[in-house]
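Grab a coffee and open the viewer. Below are some short exercises, each with a worked solution to follow step by step.

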Amino acid sequence: MLKGFIFDLDGVVTDSAKYHLAAWGELAKQLGITLPSTANAALRGRSRMDSLAVILSYGHQQNQYSEAEKENLADKKNQRYLQLIANMTPADILPGINQLLLDAKAQHLKLAIASASKNAPTILRQLKLFDQFDAIVDPASLHRGKPDPEIFIKAQHLLQLQVNEVASFEDASAGIAAINAAGQFSVGIGDAKALAAADYFVANTGLLRFESVTKAFAKWQSALNKRGDG
Ligand code: B16
Ligand code: MG
């Protein structure tokens with residue numbers, strides 16, 4: 001039985017990617033690096049330090065800085081990012097998400113956030129959603145990033161639920177891989193090709209319906225039961 005939803009934040013609850021990209025773009029400019037048009041997709045769901053590595057690689061500068069200097073660069077980007085997200089409001093919640101949360105709450109589902117972002121609590125407060133969630137995984141507590149399943153397993157444990165009792169939502173292919181590796185029901189939102197491995201898919205959050213997700217979950221669950229591993 002479905003008892004919980006686990007959400008990625010950026011690209012699922014809100015579009016913080018545009019602020020990440022703007023802040024990285026400013027840092028890149030200061031370093032004399034031009035970001036390619038593929039940068040947004042490349043940065044999606046990656047940790048802060050992994051994102052910096054991608055930015056530096058665009059300028060062939062990955063070997064030019066000490067670890068301490070890299071920490072400083074990442075910190076500089078984060079300070080700018082914090083300035084940008086300070087302007088976020090509930091209007092920045094992606095379409096369909098408020099209704100989905102309301103419907104899930106009405107059915108007494110527990111809710112968690114599984115985001116790679118250390119700024120997730122700040123963003124949720126800006127969106128006035130912080131109190132809606134029963135658990136927010138602290139990414140600093142993790143050993144491995146997505147596509148490793150660790151963050152989704154942790155969120156499920158924080159909700160005190162079993163693997164066949166949760167549905168997890170992601171916009172990044174590495175996120176869907178992480179959910180699938182955790183053995184959870186995966187909901188992909190965005191690019192059909194990139195998210196082909198998802199158990200259930202919609203092109204954007206505005207198309208998410210609580211009933212459709214629960215129906216697809218029930219189908220997945222009964223297929224698991226038939227196979228004997230549900
Ligand atoms: P921070 P998600 C991810 O969020 C973003 O997609 C990614 O671009 C960002 O680098 C990462 O969080 C870390 O964010 O610098 O705020 O700790 O998609 O996992 O919700
Ligand atoms: Mg995301």
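Buried means under 20% relative accessible area, exposed means over 50%, and partly exposed is in between, using a 1.4 Å probe and protein chains only. This is a predicted model, where local features need pLDDT of at least 70 and side-chain atom pairs count only at pLDDT 80 or more, while totals for chains, interfaces and linings use all residues. Residues are numbered from 1 along each chain as its sequence is written, chains are lettered from A and ligands numbered from 1 in the order in which they are written, and side-chain values use heavy atoms, with hydrogens and water left out.

**Exercise 1. Backbone oddities**

Task: find the loop that holds His-108, and decide whether His-108 is buried or exposed.

Solution. Start with the backbone: His-108 has a phi near 60 degrees, which is positive in a residue other than glycine. Most residues other than glycine have a negative phi, and most peptide bonds are trans. Next, the location: His-108 sits in the loop between α5 (97–106) and β2 (110–113). Helices (H or I, at least four residues) and strands (E, at least two) are DSSP runs, numbered from the N terminus. Last, the cover: His-108 counts as exposed because its relative accessibility is 70%.

Now try His-60. Its phi is also positive, at about 50 degrees, though His-60 is not a glycine. You'll find His-60 in the loop between α3 and α4, and at 67% relative accessibility it counts as exposed.

One peptide bond belongs in this exercise too. The bond from Lys-146 to Pro-147 is cis, with omega near 20 degrees, and Pro-147 is in the loop between β3 and α7 (150–158).

**Exercise 2. The sheet**

Task: work out in what order the strands of the open sheet lie, and which strands stand at its edges.

Solution. Strands of a sheet pair through backbone hydrogen bonds, either parallel or antiparallel. Here, two strands pair if DSSP finds at least two bridges between them. The open sheet has 6 strands in the order β3-β2-β1-β4-β5-β6, with parallel pairing. β3 (135–136) and β6 (200–202) are at the edges with a single partner strand each, so one side of each has no neighbour in the sheet.

Zoom in on β5 (residues 185–189), which is joined to β6 by 3 bridges, running parallel. Gly-188 has Phe-201 as its bridge partner in β6. Strand β4 (residues 166–170) is joined to β5 by 4 bridges, again parallel, and Ser-168 stands opposite Ser-186 in β5.

How is β5 covered? Of its 5 residues, 5 are buried. Phe-185, Val-187 and Ile-189 point one way, while Ser-186 and Gly-188 point the other way.

**Exercise 3. The ligand shell**

Task: say which residues come nearest to ligand 1, then list polar contacts to its oxygen atoms.

Solution. A residue is near a molecule or strand if one of its heavy atoms lies within 4 Å of it. There are 19 residues around ligand 1, and Asp-10, Arg-46, Ser-115, Ser-117 and Asn-119 come nearest. By class, the shell has 4 nonpolar, 7 polar and 8 charged residues. (Ala, Val, Leu, Ile, Met, Phe, Trp, Tyr, Cys and Pro count as nonpolar, Asp, Glu, Lys and Arg as charged, and the others, Gly among them, as polar.) Helices α3 (48–58) and α4 (67–85) each supply at least two residues of the shell.

For the second step, a polar contact is a pair of N or O atoms within 3.5 Å; within protein, one must be able to donate a hydrogen and the other to accept it, and residues adjacent in sequence count only if both atoms are side-chain atoms.

- Arg-46: a polar backbone atom is 2.6 Å from a ligand 1 oxygen.
- Asn-119: a side-chain N or O atom is 2.7 Å from a ligand 1 oxygen.
- Leu-43: a backbone N or O atom is 3.1 Å from a ligand 1 oxygen.

The protein covers 98% of the 470 Å² of accessible area that ligand 1 has on its own. Accessible areas come from the Shrake-Rupley method with a 1.4 Å probe; for residues, only the protein chains shown count as cover.

**Exercise 4. A buried threonine**

Task: place Thr-14 and find what its side chain pairs with.

Solution. Thr-14 is in the loop between β1 (4–7) and α1 (17–30). Thr-14 counts as buried because its relative accessibility is 0%. A polar atom of its side chain lies 2.7 Å from the backbone oxygen of Asp-92.
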